[in-house]
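Q: Please take a close look at one strand of this model. Which neighbours does the strand have, what does the strand do at the chain boundary, and what do other parts of the model look like beside it?

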Amino acid sequence: MIRMSSPNEFAQEKGRPVKGEGWRLSEEEYERLQDPRSVGLDVRSEGWRVGEEEWREWLGTLLRSGSRLVAPVEEDGLSLFRAVSSAAEVSLRGYGNTRWSPKEFLFPATEALFSYRLLGDEVELGAPPADGGEQVLFGLRPCDAAGLARLDEIFLEDGEDPSYAARRDRTAIVSLACDTARPECFCTAVGGSPAGTEGSDLQLLPLDGAWLLRALTPKGAQLVPASAAGWTPASAADWRRAEELRLAVEESIERDPLSPEWAPVLEGAFAQPLWEELGQRCVGCGVCAYVCPSCSCFDVKDEGDAFCGARCRLWDSCTLPQFTRHASGHDPRPTRPSRYRQRVLHKFAYFPLQHGGRLMCVGCGRCVRLCPVGIDIRESVERAFSAGASGEGRP
Amino acid sequence: MVQLAESKEPRPRVPEKGWEPRIVALVCNWCTYAGADMAGTARRTYAPNVRIIRLLCTGRLDPLFVVKAFQQGADGVLASGCHPGDCHYVQGNLLARRRFTVFSTLMDFLGLDRRRLQFAWVSASEGVKWARVVDEMTQAVREAGPLATWAAPAATAPSPPLLDPGAEPRQAPSREESGRITAQLQETAANLLAEGKVSVVAGYASGSLPGQMVPAFVTAPEEASRLAWNERCANNLTVYLPELLRKKGTGKVGLVVKSCDARALLGLMRESQLDRADVVLLGVPCTGVWDGGRLALKCYGCSEEVSPLADLTITPEGARQGPLASARERVAVSDPRDAEIAALESLPPEARWDYWQRQFARCLRCYACKAVCPLCYCATCIAEKHRPQWIPAAFDGAGNTAWNIARAMHLAGRCVGCDECARVCPADIRLDLLNRRLALEIESRFGYRADADPSAPPPLTTFRPDDPDEFA
Amino acid sequence: MSDAGRDRFLPHLMRIAAAREETPDVRTVRLEFAEPEVASGLQWRAGQFAHFSAFGAGESVLTIANPPSRPGHIECTFRDMGKVTSALASLSVGQTVGFRGPYGNGFPIDEWRGRDLVFVGGGIGMAAVAAPLRLVLDRRGDFGEVLVLNGARTVADLVYKEEMKEWEKVERVRIVRAVDPGGETRAWDGEVGLLPDVFESLRLEPDGRIVVICGPPIMLHFMLIALDRLGFPPERVVTTLENKMKCGVGQCGRCNVGRFFVCRDGPVVTAAQLASLPADL
């Protein structure tokens, strides 16, 4: 049973209170704010101040319109994204982040690609069951929304994956900016923000006891209900408060950047003996890849019997022992450190080099928190970069 | 959820008109198959609901055969073989008797109606008995109704609430005390390395999250200062032994162990996976592991402050040879996992089934449970084998249930209750309860505990002539 | 026929028209599309591969062994090694398999015009060099001298035994076959030795030659060393990589090596490119 620590643990460790308590941003400071991660000085007019009742009512409207609504719920003590049948099931109380990412709603853990029937010499192929309907993913943290944006790049650019594309088209994302950070969070270190807008169609920004709701895309704007006419428009003070909270949370994260510019150095550090040490305690499970919002590796297998079945796409992880093992027994990555290295380099070097400098990691911290042996990918990247930059051991 | 071709459509729990039970019978070739044949030649009339699959011996019966039968649509499974003492291969059925006892317990604990899984002894001359066994089983399964397919979505019934384990029987050691043990541990490790007595010491060091302790491997005396000991040292480091032993060169492997961890060593020795002489166990005094501010459940009922297997015991005062009888009295409390097991067993089977299916539906098939278990050392796990694919690869109810059953059965009688699997499971599946239920069953039925002497054979590889026999 | 919009994972159905057991564990099958419009519309380059389905067992990645100069069918040669190839090996003529492709980059055959060519195929690797070789033989006039160096562990493991006799009849084509020491029979009239050694014994000058190699990793390793030592420029040494693959389009992650996806950016690479890739191949 995984027990999550409370944010207070982190604050105590740091020896000072989280900035939000009693700290206020002055009007002047706010006007002068040039921070690119700012909540958006230029869209101040497009927001509403909503309370819990109002957003729950809004979710109810979405459900009644026939959309599938996916939101955080509490299940057996875990916070998970589930499709809900009523707005009341949505649980944001004590919500840090869900145990694993919501990527399964765009990229299912198991997906039938087609069915087959074996009829003597003939084979009959059938289309997979339709997975239709609009869906709204509600309550994603900005890191998860950014992670799904990475999946978009992987599955939609360079040739579209039809089932992913169809599902993505029907999906709107409402993110919920963070009012606190956990020790494992590091979105700011990878170019993100607790109020980041990447990948979101709408966003709720926490105020004290209320939220500032804003539409970020035309798709998001369309989801705003007619009843919003009765909502209170967000005031300048609301925007300022949202900004304060963002700054407070960002500052509490306090991690040094892991730059995409490090990618060539990390790539060059491939042969460093350091990886043996970094990957030494890895036990070769798939937790990190499966809880991650941007990990997208998959396997394709036929599941069925002698008469019929389906070809399925299934989550897979480069950390699992069978990932690159050939039928002949030859395995280019025969050791756990070599597989761990692949995961780190794919996230922080290869993907950025293939995708114009965008890191694949979004800093949600789940792998750091949930790794059974406490491997910290941030530490691995920092140390590999140092080793690569110093040129030790380079052939 | 994967929807396969129409033969796998979910079937309703309430029988439709004209439904007939489908029963798979796994029978041994020499006795029961002949007995069934005899029923035929004797023109006995009996229920036609059974499909026979012939095995050479019930000793060949693997739990996955039964799981597959259920997942392919059987409403009941019957296994039958020669009477004890009459096995064509002398002892196959005596092994089967033990294994089936344990497997039935697991399936009952998971909430499978006991009527659906039966075992019988039918000899070659007992055609009449065969007919009767089949008739009775068919009638029982008819009453139980069709078995909802295991590919169906998990029930949305709420889980029974977790029981409050009660007041923690002990306190975590003070920082000062942990600090003193740490200092002694560092010195001991440094000395062992400097003297060349070990080539590596596996212990714990600070992780990057507040208070986190993680596995650490130290190969030089000056690195020993990385090691530390406190109440957050949860990992079972024996899982690293096979690899460390392979790489160790000429030195031995030093391992910091709690008593729960070290028990795994007995299993590894019993199964010839290592030579005890190659390992130096550094026992540390442990009052429990605190995770997320709470004492781990396994620690409540633990009475061993230091592992009795320790080669060296690290105390706040220094390292002593051998294990150390602790002067501190351990408050004896009952294991809270037993109360949870009892609570589950008091529920009707359908509620238990829903409880476990709800958890298995969350299973991510990350295999973290397998990865951290010291006794899961197979080079290729049954879950990874694809010729044939015994465990469905799909992450659905059927596949996840098959995996969790296989895991529990492969560890039955071997698991030492370190609960690492449950600690690391990202889906919070109560693997600890599954393991413990089977461990208790094996102890009560066969008088065997996994921390027994390594010379005692694993319980499911042996038998006694007077093993419990509740079968027809 | 364009596959745009079609579910990229849905294979075309093909029937096994003919099968030949090259060796006890290597089989060549000739496949014909169930839908004729697929056959007439399919375009591919020598060196591209496809995912071949044995429904129920899965897919296996195999080179398309016939070049586009021999259209209308698909040929592939494979060794019975794993779950899928084993299933493919057990299917009979008339049964149905699946085809999904073509994928990959293919050989840059146009760049070889006028040059002397060397094709080195070790064991089942011969199937991968067969596609460009057959294309060269079909357009004989466009290319210089052709040397085919084919090796296997034993005489019984040599593939394309019959077809090689046809190749030998083509003008300015030389065939050298070799088996590993200990693999020869009394009647063997070819070379005996490991392929890199046999290659060196031929004393070829680089001379602008293109060398196309495919074989087991260890053979490739030593061939590259030999070629380098003999002065063959790495840009003119070409190989085709083998990797575990599942999607064929660079999404599943399995064949990711550095910035490279073997399925999408390969499988054909020059020795120069190979040297720039990380070692987890």
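A: A hairpin of 3 residues links strand S11 to strand S12 in chain A. Strands are DSSP runs of E of at least two residues, helices are runs of H or I of at least four, and both are numbered from the N terminus. The model is predicted: local features require pLDDT of at least 70 and side-chain atom pairs pLDDT 80 or more, while totals for chains, interfaces and linings use all residues. Residues are numbered from 1 along each chain as its sequence is written, with chains lettered from A and ligands numbered from 1 in the order in which they are written.

Strand S11 of chain A (residues 298-304) runs antiparallel to S12(A), and 7 bridges join the two; strands count as paired when DSSP finds at least two bridges between them. Within this pairing, Glu303(A) faces Ala310(A) of S12(A). S12(A) is also joined by 7 bridges, again antiparallel, to strand S4 (residues 110-119) of chain A. In that pairing Ala112(A) lies opposite Cys312(A) of S12(A). S12(A), residues 308-315, is mostly covered, with 8 of its 8 residues buried (20 or more other C-beta atoms within 10 Å of the residue's own; exposed means 12 or fewer, partly exposed in between; C-beta atoms are placed from the backbone).

The strand also takes part in the boundary between two chains. There, 50 residues of chain A are in contact with 38 residues of chain B, contact meaning C-beta atoms, placed from the backbone, within 7 Å. On the chain A side, two or more residues come from each of helix H1 (7-14), S4, helix H10 (287-291), S11, S12 and helix H12 (366-370) of chain A. S12(A) gives the most to this side, with 6 residues. By class, the chain A side that touches chain B has 24 nonpolar, 12 polar and 14 charged residues; Ala, Val, Leu, Ile, Met, Phe, Trp, Tyr, Cys and Pro count as nonpolar, Asp, Glu, Lys and Arg as charged, and the others, Gly among them, as polar.

Chain B may be set beside this strand. An open sheet of 6 strands there follows the order S6-S5-S7-S8-S11-S12 (chain B), with mixed pairing. Strand S6 (213-218) and strand S12 (319-321) of chain B are its edge strands, each with a single partner, so one side of each has no neighbour in the sheet. From one strand to the next the twist averages 25 degrees. Strand S7 (residues 252-257) and strand S8 (residues 279-283) of chain B run parallel and are joined by 5 bridges, with Val256(B) opposite Leu282(B) in S8(B). Helix H5 (residues 175-194) of chain B packs on this sheet and touches strand S5 (198-206), S6, S7, S8, strand S11 (312-314) and S12 of chain B.

Chain A also offers a helix for burial. Helix H4 of chain A is mostly covered, with 11 of its 15 residues buried. Among the buried residues are Pro142(A), Leu148(A), Arg150(A) and Phe155(A). Their cover includes strand S6 (135-140), helix H5 (162-169) and strand S7 (171-176) of chain A. After H4(A) comes Asp158(A), whose phi is positive, near 55 degrees.

Notes:
Axes are lines fitted to C-alpha atoms, for helices over the stretch in contact, and angles run from 0 to 180 degrees between N-to-C directions.
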